[in-house]
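Please work through the following exercises with the sequence and the structure at hand. Each task is followed by a solution in steps.

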Amino acid sequence: MSDNCHIRMVFVYIFYDMDNLGKNCVICEENQSKYKCPTCEKPYCSVDCWKKHQQDESICQEIEKVVKSRDIVEKPIILFPTDDTIPEEKLDLLRNSEALKVLLRNSHLRRLLEELDGASNAENAMKAAMQEPLFTEFADEVLKIVEPEMKIT
């Protein structure tokens, strides 16, 4: 599996919860969202907006029925794991890392990660990204989770 594939898997797990970050509330359309509906993941800003969303949104109720009817949560299948494949438990830790979520609020870092993910030459793109202090801070946080026994300098 190429380095780009491993990088992409890490980004998918981390960005999973970051999709609605910084968007406006879909209920009042005035305030920046601070939360998201646990059922449909629409961003909202307050308890009042959430209550209104729960009353007005039949889509949430339909999604909830489908989710409750499923016994198994689908997870990505790794067809050809290698020594460099990140275990699923570590990917979950990455996805739930508050430190990474804080770093990913930075639009410059997100843009760097998207460029790195789409790079045709992963090695050169990684060398360039490592020149950015923000990216190295992000990489250090990822390594603390993925390889905690490794000393980061």
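**Exercise 1. A pair in helix H7**

Determine where Lys127 and Glu123 lie and how many residues apart they are.

Solution.
Step 1. In this predicted model, helix H7 spans residues 122-129 and holds both Lys127 and Glu123.
Step 2. The two residues are four residues apart, about one turn of the helix.
Step 3. The closest N and O atoms of Lys127 and Glu123 are 3.6 Å apart, and the two form a salt bridge.
Step 4. Both Lys127 and Glu123 are exposed.

**Exercise 2. The other salt bridges**

State how many salt bridges the structure holds, and characterise the pairs of Lys101 with Glu98 and of Lys144 with Glu141.

Solution.
Step 1. The structure holds three salt bridges. Side chains of opposite charge can pair when their charged atoms come close.
Step 2. Between Lys101 and Glu98, the closest N and O atoms are 4.0 Å apart. Helix H5 (residues 98-103) contains both partners, three residues apart, about one turn of the helix.
Step 3. Burial is assigned by the cut-offs of under 20% for buried and over 50% for exposed. Lys101 has 17% relative accessibility and therefore counts as buried, while Glu98, at 51%, counts as exposed.
Step 4. The side chains of Lys144 and Glu141 meet at 3.1 Å, N to O. These two residues belong to helix H8 (residues 133-146) and are three residues apart, about one turn of the helix.
Step 5. Lys144 has 47% relative accessibility, so Lys144 counts as partly exposed. Glu141 has 19% and therefore counts as buried.

**Exercise 3. Overall layout and cores**

Describe the secondary structure of the chain, then identify which elements give two or more residues to the largest nonpolar core.

Solution.
Step 1. The chain has eight helices and two strands. Read from the N terminus, the order of elements is α-β-β-α-α-α-α-α-α-α.
Step 2. The chain has 153 residues, of which 31% count as buried.
Step 3. The largest nonpolar core comprises 20 residues, and the members that touch the most others are Leu94, Leu100, Leu109, Phe135 and Phe138.
Step 4. Two or more residues of this core come from each of H4, H5, helix H6 (107-117), H7 and H8. The greatest contribution is that of H8, with seven residues.
Step 5. Another core, of seven residues, lies apart from this one and includes Cys25, Cys37, Cys40 and Cys49.

**Exercise 4. Two surface patches**

Which residues form the nonpolar patch on the surface, and which gather in the patch of negative charge?

Solution.
Step 1. The nonpolar patch is formed by Ile77, Leu79 and Phe80, which together have about 420 Å² of accessible area.
Step 2. Ile77 is located in the loop between H3 and H4. Its relative accessible area is 71%, so Ile77 is exposed.
Step 3. The negative patch on the surface gathers Asp83, Asp84, Glu147 and Glu149.
Step 4. Asp83 is placed in the loop that runs between helix H3 (58-69) and helix H4 (88-95). With a relative accessible area of 81%, Asp83 is exposed.
Step 5. Membership in a patch requires over 30% relative accessible area. The values of 71% for Ile77 and 81% for Asp83 may be checked against this cut-off.

How values were computed
Residues numbered from 1 in each chain as written. Predicted model: local features only at pLDDT ≥ 70, side-chain atom pairs only at ≥ 80, totals over all residues. Heavy atoms only, no water. Patch = residues over 30% accessible without salt bridge, like charges linked within 9 Å, V, L, I, M, F, W, Y side chains within 5 Å. Areas by Shrake-Rupley, 256 points an atom, 1.4 Å probe, with all protein chains shown as cover. Lys, Arg positive; Asp, Glu negative; His and termini not counted. Charge placed at Lys NZ, Arg CZ, Asp CG, Glu CD. Buried < 20%, exposed > 50% of the residue type's maximum accessible area, 1.4 Å probe, protein only. Core = buried A, V, L, I, M, F, W, Y, C linked by side-chain atoms within 4.5 Å.
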